[in-house]
Each structure stands twice: as structure tokens, then as C-alpha cells.
Amino acid sequence: MKKTSDTGLPGGPRPSSVRRISNLRALVEEFGKRDLGCAAAALFLSCSFSSARNYIVELLDAGVLAAHPVRQGAGCLDRTLYQLTADRLARQRFLATLAESDDAGFSFGPGDRPARRDPLVAALFGAPGSDAEHREPAARA
């Protein structure tokens, strides 16, 4: 019997993956309404500044957002605001990828196939399922 996740899908997405996808979708929608900085995105998503920055970097890498430095006034440091790019195709592709990831159910966690072992680890400790894993540790003298 296959293990089911909280979403009810066999080997389905982890709650953190579901939250990530919904946060990215919400962020894209919010960027459609207004420009945001990292702090505003963190407040909007109710997450940490570093998490908001990671979401924004993912959107920048996908070509969905563009960064624009903004001068606040004399004596203030520049800050960066982000806005949606004019490239609707990139945005549609990104949202389609999110939808596919959500529908596919992510095959995270233990699956049907055995995990591969790094070649160096296999050389030192043996291949998975070999006698090396089932041996008793050597007794100390």
C-alpha cells in the first residue's frame, strides 16, 4: 500500500510544497496590482524576509519580475522594488509550470525505486543492500 500525504495523493506534495506554490501564485497576483519590495512581500505573505527574498529570486530567475532601484529621498539608501515584466508569455509559462507541479503531485519522499548511493559512499561503505550495511561494527580492542 502506497503512503499518502496530507493532500490525499499517493506520494503527493508535502505541505511545504503546497504552501510554496500557493505563495508564488499569490505573489504573482499581488505584483499584478502593485510593485513590491522584499519587506512588503514578506508582510503580504506573512513570512520571513529571507523567505520572501527567495520567492522573489525564483520569480526573477523565471523572467516574471524585473528589479528597479528606487531613491526614497535625501539621506535614504536606495531600495529595490520589483514589478511584473511585460513578458506575458514568461508569466504564463511560469504559472503553467506551477500548475503542472501541483497536478503532478511531486514524487518526493520514498518512492518505488531504491535510492541511489553516491559512488564515493558506495566505495567506502558498500552498495545499498550489501553485507556491508548488515555487519556488526568492529569491536574495539
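**View 1. Glu58 and Arg20 form a salt bridge in this predicted model.** Glu58 is a good place to start: with a relative accessible area of 24%, Glu58 is partly exposed. Its partner is Arg20, and the two side chains meet at 2.5 Å, N to O. Arg20 is partly exposed as well, with a relative accessible area of 28%. Look at where the two residues sit: Glu58 belongs to helix H3 and Arg20 to helix H1, so the pair, 38 residues apart, links distant parts of the chain.

**View 2. Arg34 and Glu30 make another salt bridge.** Here the side chains come together at 2.6 Å, N to O. Arg34 has 40% relative accessibility and counts as partly exposed. Glu30, on the other hand, counts as buried, at 10% relative accessibility. How many salt bridges does a search of the whole structure find? The search finds two.

**View 3. Leu27 is one of the residues with the most contacts inside the largest nonpolar core.** This core has 20 residues, and Phe31, Ile56, Leu59, Leu65 and Phe94 join Leu27 as those with the most contacts inside it. The elements that give two or more residues to the core are helix H1 (15-33), helix H2 (38-45), helix H3 (49-61), strand S2 (79-84) and helix H4 (88-104). Which of them gives the most? That is H1, with five residues. Zoom in on Leu27 and set aside its neighbours within four places in sequence: Leu27 is then in contact with Leu36, Ala41, Phe44, Leu45, Tyr55, Ile56 and Leu59.

**View 4. Cys38 and Cys47 are not bonded to each other, and the structure holds zero disulfides.** A disulfide is a covalent bond between the sulfur atoms of two cysteines. Why is there no such bond for Cys38? The closest cysteine sulfur, in Cys47, is 9.6 Å from the sulfur of Cys38, which is too far for a bond. Seen from the other side, the closest cysteine sulfur to that of Cys47 is in Cys38. As for their surroundings, Cys38 counts as buried at 12% relative accessibility, while Cys47 is partly exposed, with a relative accessible area of 23%.

**View 5. Thr85 lies in the loop between S2 and H4.** Is Thr85 buried or exposed? Thr85 counts as buried, because its relative accessibility is 19% and the cut-off for buried is under 20%. Apart from its neighbours within four places in sequence, Thr85 is in contact with Gly63, Val64, Leu65, Ala66 and Arg91. Leu65 may look familiar from View 3, as one of the residues with the most contacts inside the largest nonpolar core.

**View 6. Leu120, Val121, Leu124 and Phe125 make a nonpolar surface patch.** The patch covers about 420 Å². One of its members, Val121, is found in helix H5, which spans residues 119-125. Val121 counts as partly exposed, at 32% relative accessibility.

**View 7. Stepping back, the protein has six helices and two strands.** From the N terminus on, the elements run α-α-α-β-β-α-α-α. Of the 141 residues, 24% count as buried. The accessible surface comes to about 10200 Å², and 54% of it belongs to carbon and sulfur atoms. Among contacts between residues at least 6 apart in sequence, 47% join residues at least 24 apart.

Key. Residues numbered from 1 in each chain as written. Predicted model: local features only at pLDDT ≥ 70, side-chain atom pairs only at ≥ 80, totals over all residues. Heavy atoms only, no water. Patch = residues over 30% accessible without salt bridge, like charges linked within 9 Å, V, L, I, M, F, W, Y side chains within 5 Å. Areas by Shrake-Rupley, 256 points an atom, 1.4 Å probe, with all protein chains shown as cover. Salt bridge = Lys/Arg side-chain N within 4 Å of Asp/Glu carboxyl O. Helix = DSSP H or I, 4+ residues; strand = E, 2+ residues; numbered from the N terminus. Buried < 20%, exposed > 50% of the residue type's maximum accessible area, 1.4 Å probe, protein only. Core = buried A, V, L, I, M, F, W, Y, C linked by side-chain atoms within 4.5 Å. Contact = heavy atoms within 4.5 Å. Disulfide = S-S within 2.5 Å.
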